[in-house]
Each structure stands twice: as structure tokens, then as C-alpha cells.
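Got a few minutes and a viewer open? Here are some exercises to work through, each with a solution underneath.

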Amino acid sequence: MSARVLVGVKRVIDYAVKIRVKPDHTGVVTDGVKHSMNPFCEIAVEEAVKLKEKKFVKEVVAVSCGPQQVQETIRTALAMGADRGIHVEVSGKDYETLGPLQVSKILAALAKKEQADLIILGKQAIDDDCNQTGQMTAALLDWPQGTFASEVNIEADMLKVVREVDGGLETIKIKLPAVVTADLRLNTPRYATLPNIMKAKKKKIANVKPADLGVDMSSRLEVLKNIEEADAGGAVQTNTEGLSSLVMEQTLRPVKSGSAPSPIQTRPM
Amino acid sequence: MGMFQRFARLPLKSTYIWSLCPQYSTGLTAAGRALIVRSSQQIQHRCVHSRGLGASPGNPGAAPPRLPFSRVTQEDLAFFRTLLPGRTITDPDLLKSNNVDWLKTVEGNSEVLLRPKTTEEVSQILRYCNERNLAVCPQGGNTGLVGGSVPVFDEIILSTALMNQVISFNNISGILTCQAGCVLENLSNYLEERDFIMPLDLGAKGSCHIGGNVSTNAGGLRLLRYGSLRGTVLGLEVVLADGRALNCLATLRKDNTGYDLKQLFIGSEGTLGVVTAVSILCPRKPKAVNVAFLGCSSFQQLLETFQCCRGMLGEILSAFEFLDASCMSLLEKHLKLTNPITESPFYIVIETAGSNATHDEEKLHKFLEEVMTSSLVNDGTVATEATKIKALWSLRERVTEALTHDGYTYKYDISLPVEKIYDLVQDMRGHLGDMAKNVVGYGHVGDGNLHLNITSPSKDPTLLAAIEPYVYNWTSEWKGSISAEHGLGLKKRNYIYYSKPSEAVALMGSIKAMLDPKGILNPYKTLPDNIHE
């Protein structure tokens, strides 16, 4: 098999940082705050590199959308073993409203342009917890999707994916080209070792604009307010006592190991 | 033999009595029973000589016989209960954990645990105990590694657990004033919210008290950058043996008015006074922290990497630690941690802390490129994110834990000229051969401090006899310290002569006699047994 894999990597506020809401409630403080690659994206990169090492894949391309700083995130992917990077330049107002819809349109366009056979993404980002980009990308491309993957195997030109679902584990077989989203137990991302970090400096990162890909960046969502969790006081209306308390327990942290993704991914914002 | 010359002052007449008592140990038992203490008391009844039992040339770490302090009576308990209602503990189940040290190698028989909340209460306790001739064992977090934090016999345990208030913090000068029972990690968290950090950091931070840190002059992982407590502690409040409270809680960076008394108490291990409050100078929290984990093929290369590091990272270097391949295999075997890089004979943990992330990363990457291209280092990885930094640090911080799973551990904390550090490990390996299960070396190589650990499946007196005093003689030959940062406590008190001349030790005895004439503060610790002669 000599497939080309596209891996999406998102630059997010580091998992361990204490999030602070801006005084004007328009968002969270990001200036001077430590950022790093979304943990699920790391798992996605690791899976792509593993597939390359198993010789199922011939090239791994790391993609990230955002301002200049996302190049660091792409470099990290390169240091882990990706072959080249694509930086889709999005800044200013467009970056503030950048969400799964725009990113999935960009990824779909890139997949066609680069003739990718497989797209691997993290299942969700730890800042917005949307869990939508993979699914939307597959729909736009009309490709099959294997989401919440905890195991991926290539069998001829099919992909066997073991998915983590509420009831346990579900195994599906999907045809390539396909979209896979990585869940926590898919693998343990490797440390980028120094020789690879040095090599990564020489790997290419191409710059692309959304307009070049014919993507409309306008957003259909308007964020009204961001408030600290303590002030939220359970903004979700449900008619099931137990369910509402389950939702109120959710925090702005990535889904921890051991729990399957719950059906309602909302939080008091 | 050097051993007997060194111990010429110890009562040698005990040697033969000693060898008849097989249950004697150096106090190191994995099961944590009161062997040394109880057996010494039993033997005291059996043997004719009441003096000279206890430490011997073959067993200098064991407990001496009980000195003639008073025993706790009902009147004493009544006094304590009135002074500290609800905070005078006599329940043996509750006392158990305070009577045993963290390593579970020494156990005392205290029947009373006192928990004062204020300096005034400590003052009254000590005044009373001094009058009644009752021995007192001050106790902080009980994380000491030399048996200095637990009673040997029935000393009253004076715990600082409830003296955990921060008194004040000045965010311009960075001076923190707090009670002695504040847990180090809590102080770190308090300061981090205010953009500062504690000048020291150690593996025991979740349990140790700042008063205990000061009393043992703890070193730790940040000493390379911020210096020792002797520089960062600006003032102390200490209660003396007779109950007088000495308030030297200055919050001044510079104060040259008279003798600097606080230096006497720092590192005195609770034998000269009980520290009740500390004022300490805290550095600003660094904006950018990076950790690099490197692998070297030889110790010589490690040292050259250190020199290169000093030159290229200089002002941003905040830690330089090492561990050897044996440590890594123990971490992999017992704690299931993964080695992030290729297997190497030596591993280095380098931490940088600075005010500008971009500048620091540039410096770090230049340094890493240099050591990689010149082949000083054969592999490595870097971390800038908090979770990855924690993961890399745990490879160094959890070696002590991994060792506890490997069997019985003999621990040595040695200061040596930095070039000689690993020679001792290799020498011990050759010297012990098959007697030892594992001989590992790790530690604060940047400060010239080696943690030499030797494991065996179970306690082995022949192994111990092969290790000691060989290791101490070796250290002494290179003018090193037999206890770099752990202190002397109970276990190492009689080894003091390997690193200090007898005149110095005699002077220490005079100071002790002056400040604590009845010797009630933490007896049997720090100073050698023959100081009483």
C-alpha cells in the first residue's frame, strides 16, 4: 500500500494551564499562555507515523490552520515523523471565528488537492470539545468515517476500525479513502527525539490561504458570552434529574481515560 | 584498620556483647518493626554493662541506650491536655505513623503526640518539658531519610502539623513569612498564584514541612540555581530548650548586626531549638520552563556536557541531574515508566527557567545542536509543555520509589569532587560483586552530590559490613561529605568524624550543652554518642 495520509493538528492552550476568562467575557486569555498540540492530534500523528513505519503509507502530511504560531505545532508533527507540513494561514477575525465547519471545508479541499487516501484527526480539541471536524470532513468528501478509533488496521484496500462507543467496542470495516478520528487508547505518542527534531528543521512547510482552496471562512455562529465555570450554575435545561447533574459535572478538561464519550457534549459556557 | 582508628573514641567494650545479640540491626528493616529500639531495651536488662550498649564499631547507626530522662506521668498528660485540648494524642493507633519514619526502617515508642498551633504553645510545652526533664522529638512532615524525625524511645513527639498558616507575603521583595508547619507544596501553590516560587523543590514536597526543611538544611532540585537555605532563609523564630522564644524573624535582605544566630539553627536537625516560623526569600516564577532529557555514553562526556551547558545556558540553567542505566531499568521494571530515548549508560535531566520563552528555546536548541553534533550526547528529547515536563522529571524524581520495590535499600548521600562521583559507584560495584543485587548512582551532579544506593533481596549484614565503612573511608579520602543533604539524624550521627575534625565536633558539643543543658531536644541525633564523654 502506498497511501498518502493527511493529519490535522491543532494548536490549543496546554492541557495543564489554568484557563482564565477575559474580563470582557468575549473569550479566554491566550496572550502569553502556554500552547501545545492538541493531545488527540498527537495520537493522530503517532498513528500516521506508525502506519508509515509499517509501510502501509508512503507519506504523512501534517496540516494546521491558524496564524504564524501554528508552525511550531506543525514542526512538532514533523519531529514525530511527518514528512512535510501545510500551514493554512488564518488570522485575525477569521481565526477568532474558525471552527469545525471552516476547518472541515479546508481539509476536504486539501484532501482533493493532495490526493490523500486517508485523513486522520484527533476526535476532538480540548479547547472547544466540538467533536465535529472529522465527521464534517467525511460528509463533505462523501468518504466513510471511523470515529473514536481505538484500533486501526489496514486489510487490502479496506480499513478495519475498532471504535469506542457507549455500549463498548464496535468493529467496522470501511473502504478507503476514509476519515479516521483518534481516541485516547489508539496509541501512546512518542517523544520527539533530538535527531528527529534536528531533521524536522529541514522539512518543508508550505503556506496556503483558504481563498486559494476556494473556502468560504464566514461563520454561522456568534459567541455571545464566556463566563467562568463557577458562575455558570447549570445553564443546561433538561428534564432528567440525573442527566443534568452529569452535564454539570463536566469541566473544561479533556475527556479522561476510562469513559466512553457521552452523548451530550455541552458545558456551561 | 582504619575503622577502629576512627572509632577509637567509641566504647569498644560493647563489641563482644553486640555479637551475641543477633537481632541487632543498623536500624534498617523493610518491615518497619521496632527491632533496634526494643532489642536494645531488652538487652539493657540482660547485660551487666548499662553503658556502652548501642552503637559499636560494627553498628554505629543503631540506637544508644536510653538516657535517664523522666517518663511521662498522668500529671504531665493533664498539663498537656489543659494546654492543648483535643490536640494531645495518646491513642497508640494514631501514634503509630508518627513513630515510624518514611523509609519504615526506624520506629520509636512515643506515647504522646502534641500538636501546638502557636509559638506560645510550643514555648509552654518546652518550658514544662525542660523543668520535668522530658525528652522531646520535634517532627515536621516525617520525610527524613536518616531516622532523625522519629523518637528513638519514648520522647514526646512535638508536631508542627497544625502550625500551617502563612503569616505574610510581600510581592515586591518576594519575602514570605510563614509558620514552620506549612507543607512545601502548599507554599509553592500559594506562591505560584502570586507569580513566585519557593527557592527549593524536592521529591517529598507533598508532605515535608518548611520548618523541617530548614532544620535539615534541605538541598533539593533547585539548589543549582537558587542556592541553599543558608542563603534564602532571611529569618527564623525558634523556641529554645528552656521555652524561651527567640524571634529573629527579620524580613531584610541585608542585616549585619551581630552574630547571625539563625545559621546555628539551620541544619541543626531540631537539636538546638524548635523552628516555629520562617521568613524566606522567594524568586519570581519563571515564564518559560523547558526540560531536556539526554543520553550520554560515558561519565566523562556527561561532565563535558555539563561544562558546555554551563557555558551556553548559563543564567537560565535551573537544574542538572543525572541517573545511570541501572536506575532506568529499575524505573522500567518496577514503575512501568518508559525510556523516552535510546538506551544509554547515563541520562541527564536539564531544566532551564527564564523570563522569555523564545530566547530560552533558542539558547536550548543551540546547546542541543552543539552537544549532538559534537557527539557528547547520543540521544535526547525536549519538553516545553507542563504534562511532558512532569513526565520527564518523574524519571529522576521516582528513582527513590523504584528502589523501595527492588528489595532492601542501603542509601548513601555523598558529596564528592564532581569528577569522582561515578568512580565511587563503579568502585562499589567491583568491591561488592555478587553480594549486592543492584548498585545504582543518581543525583544532583551539578552540585557534586551523589545518591548511591545498593539493594539486596533482604537485609544482609555481610553486605553491610562490606559497604561500611568502605564507602565512608572512600569519601573521606577525597575530602567529601558522608551526608551531603540528608543530615545525620540517628543513622549517621557516629560517622560525623569522617567529614569533620574532632575539634569541630567538640565545639558543636559545647554549643549543644549551652543551648540545651539537659539535652531534651531530639536526643540521640546528629551529634555522636561520645559527645557526652
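Before starting: helices here are DSSP runs of H or I with at least four residues, strands are runs of E with at least two, and both are numbered from the N terminus. Keep in mind that this is a predicted model.

**Exercise 1. Describe the two annotated domains, one per chain.**

Solution.
- Step 1: start with the record. UniProt, in an unreviewed entry, puts "domain: FAD-binding PCMH-type" at residues 105-285 of chain B.
- Step 2: get its make-up. Residues 105-285 of chain B come out at 23% helix and 22% strand, with 37 Å between the end C-alpha atoms.
- Step 3: switch chains. For residues 25-217 of chain A, UniProt lists "domain: Electron transfer flavoprotein alpha/beta-subunit N-terminal", also from an unreviewed entry.
- Step 4: repeat the analysis. Residues 25-217 of chain A are 32% helix and 31% strand, and the C-alpha atoms at the ends sit 24 Å apart.
- Step 5: zoom out to the whole of chain A. Chain A has eight helices and 11 strands, and 47% of its 269 residues count as buried. Take the contacts in chain A with a separation of 6 or more: 71% of them link residues 24 or more positions apart.

**Exercise 2. Characterise the interface between chain B and chain A.**

Solution.
- Step 1: pick a size. Interface size is often quoted as the accessible area lost when the parts come together. For chain B and chain A that buried area is about 1400 Å², with carbon and sulfur atoms giving 67% of it.
- Step 2: count residues. On the chain B side 18 residues are in contact, and they meet 14 residues of chain A.
- Step 3: look for charge pairs. The rule finds two salt bridges across the interface of chain B and chain A. One of them joins the side chains of B:Lys388 and A:Glu42, at 2.8 Å from N to O.
- Step 4: find which elements of chain B take part. At least two residues each come from α14 (357-373), β13 (379-383) and α15 (386-397) of chain B. The largest share, five residues, belongs to α15(B).
- Step 5: sort by type. The touching residues of chain B split into nine nonpolar, five polar and four charged.

**Exercise 3. Is B:Val291 buried or exposed, and what surrounds it?**

Solution.
- Step 1: place B:Val291. It's in strand β10 (residues 288-296) of chain B.
- Step 2: apply the cut-off. Buried means under 20% relative accessible area, and B:Val291 has 0%, so it counts as buried.
- Step 3: list the neighbours, leaving out residues up to four places away in sequence. B:Val291 touches, among others, B:Val349, B:Ile350, B:Thr381, B:Val382, B:Ile389 and B:Trp393.
- Step 4: check a long-range pair. B:Val291 and B:Lys390 are 99 residues apart along the chain, yet 9.1 Å separates their C-alpha atoms.

**Exercise 4. Work out the setting of B:Glu121, a charged residue.**

Solution.
- Step 1: B:Glu121 sits in helix α6 (residues 119-132) of chain B.
- Step 2: its relative accessibility is 13%, so B:Glu121 counts as buried.
- Step 3: look for a polar partner. A polar atom of the B:Glu121 side chain lies 2.6 Å from the backbone nitrogen of B:Lys117.
- Step 4: add the contacts from beyond four places in sequence. These are B:Leu83, B:Leu84, B:Arg87 and B:Pro116.

**Exercise 5. Track down the unusual backbone geometry.**

Solution.
- Step 1: recall the baseline. Most residues other than glycine have a negative phi, and most peptide bonds are trans.
- Step 2: go for the cis bonds. One joins A:Leu176 and A:Pro177, with omega about -5°; A:Pro177 is in the loop between β9 (168-175) and β10 (178-182) of chain A. Another joins B:Glu468 and B:Pro469, with omega about 5°, and B:Pro469 is in the loop between α18 (461-467) and α19 (470-477) of chain B.
- Step 3: go for positive phi. B:Lys104 has phi near 60° and lies in the loop between α5 (92-99) and β2 (113-114) of chain B. B:Ser375 also has phi near 60°, and its place is the loop between α14 and β13 of chain B.
- Step 4: check exposure. B:Lys104, at 46% relative accessibility, is partly exposed, and B:Ser375, at 47%, is partly exposed too.

Key. Residues are numbered from 1 along each chain as its sequence is written. Chains are lettered from A and ligands numbered from 1 in the order in which they are written. This is a predicted model: local features need pLDDT of at least 70, side-chain atom pairs count only at pLDDT 80 or more; totals for chains, interfaces and linings use all residues. Side-chain values use heavy atoms; hydrogens and water are left out. Contact means heavy atoms within 4.5 Å. Buried area is the accessible area (1.4 Å probe) that two parts lose on being put together, summed over both. A salt bridge is a side-chain nitrogen of Lys or Arg within 4 Å of a carboxyl oxygen of Asp or Glu. Ala, Val, Leu, Ile, Met, Phe, Trp, Tyr, Cys and Pro count as nonpolar, Asp, Glu, Lys and Arg as charged, and the others, Gly among them, as polar. UniProt positions are given in the numbering used here, feature names are shortened, and annotations may be inferred rather than shown by experiment. Buried means under 20% relative accessible area, exposed over 50%, partly exposed in between (1.4 Å probe, protein chains only). A polar contact is a pair of N or O atoms within 3.5 Å; within protein, one must be able to donate a hydrogen and the other to accept it, and residues adjacent in sequence count only if both atoms are side-chain atoms.
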